[in-house]
Amino acid sequence: MEAALAEELREIAQHSTTLKVHNEVPGGVHASGELTDAYLMNLHSRIASRVLMRMAAGGYKNENDIYDLTLEQPWEEWFGYDHTIRVDLTAVKSPLKSLEFTTLKIKDAICDRFLDQYKKRPSVDTKEPDMRIFGFVDAHQFIVYLDTSGEALFKRGWRTETGDAPLRENLAAGLLRVAGWKPGIPLFDPMCGSGTILCEAAQMVQGVPPGARRRFAFEKFHDFDAKVWQDMKAAIKPNPLPSEPTIFGSDISGDMVEMARHNLRSAGILFDVPMKQIEAQQVQAPTSVPGILLTNPPYGERIGVRGDSTLPQDELANSFYADFSSTLKQRFAGWTVYLFTADLGVPKLLRLKESRKTPFFNGALECRLFRFDMVAGFNRREAAKPKE
């Protein structure tokens, strides 16, 4: 999602004279600016997982070099010994023997810095720390960051109920951007589950920033400017509510439809998002104007929610995708269909050739966003085929 994030950050940077977006790197995007730009990114970025502030970077040969570089940083300028901390370390091709030991050395360096100055040290809290410190090591370099976000940014503060395999909110936002969806374009998720894609899209239509309803770590920094933060939130101008629905959802499970409705209310959505309980193979296009169908189809056991559980899983999947493919061809002419899945054989099951596939990672799971262009005429070709 690096390219999607860089594009989003450039849009956010239009509201700041100091925020500059630099290069994409694997797993992130570099940006620079004032601390208040971190407030802005945390408030408005739908795609970032965290906004990390780089404290220092340098070469290393062993754990002691990492300890020394961490010890030199002015942690006391940012937080106090009465704050709790947590340290996480990520490594790529690092020669270090034990990441656990190195993580401990980073923590010791921060605590020793406070002990030297105040004879007191911060406590560790791995569950809900006030401050999170992230280390990153590759083959030659160590970088240490202070996290300005706190809880990961995909935790928007509204989700109370999820299904078995919910998409993270920032992944849903990334999928919407890569699919080219914008408010005003009809959007349909026929396997909506707990409604993450719908909630993200609806918040965008309404002009609700993703960070409007939660707290951030930077609010506990020593030099946190509460007035700038309040002014930033006060400057949010919600969009006029749509007079006609453009976002639609459905699911095979009535419980999921109820959960999605509940989540839309929790996310502060004030306009109607029509939803119904129906199998994906039975759906109709919800508008006469073609739009974007974006969904995360079920896999494995989820396909059998209401299916015949005596059938083997493969047969269930084959029959589901064959029926769904017919529905798309016959009822969604002119629509652009995006399926997000870890099953790389989906195009074959649909008997459709994708026009694009974008690789994504959902946690550690490698996935694809497949795009299918449902050109008008599919249904005529289908009808002309001899019946088996």
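Two strands are counted as paired if DSSP finds at least two bridges between them. The views below show a predicted model.

**View 1. The hairpin of strand 13 and strand 14.** Strand 13 and strand 14 are antiparallel partners joined by 7 bridges. Within this pairing, Lys357 has Phe370 of strand 14 as its bridge partner. The hairpin leaves 2 residues between the strands, and Gly363 adopts a positive phi near 65°.

**View 2. The pairing of strand 12 with strand 14.** Strand 12 (residues 336–341) runs antiparallel to strand 14 (residues 365–373), with 6 bridges between them. Thr341 lies opposite Arg368 of strand 14.

**View 3. The open sheet of 7 strands.** The strand order is 10-9-8-11-12-14-13, and the pairing is mixed. Strand 10 (275–277) and strand 13 (356–362) form the edges, each pairing on one side only. From one strand to the next, the twist averages 20°. In a regular strand, side chains alternate between the two faces of the sheet.

**View 4. Helix 5 across the sheet.** Helix 5 (residues 169–178) lies across strand 8 (187–189), strand 11 (292–295), strand 12, strand 13 and strand 14. With strand 13, helix 5 makes an angle of about 170°.

**View 5. Helix 6 packed on the sheet.** The strands touched by helix 6 (residues 196–206) are strand 8, strand 9 (247–251), strand 10 and strand 11. The directions of helix 6 and strand 9 are about 165° apart.

How values were computed. Residues are numbered from 1 along each chain as its sequence is written. This is a predicted model: local features need pLDDT of at least 70, side-chain atom pairs count only at pLDDT 80 or more; totals for chains, interfaces and linings use all residues. Side-chain values use heavy atoms; hydrogens and water are left out. Helices (H or I, at least four residues) and strands (E, at least two) are DSSP runs, numbered from the N terminus. Axes are lines fitted to C-alpha atoms, for helices over the stretch in contact, and angles run from 0 to 180 degrees between N-to-C directions. Contact means heavy atoms within 4.5 Å.
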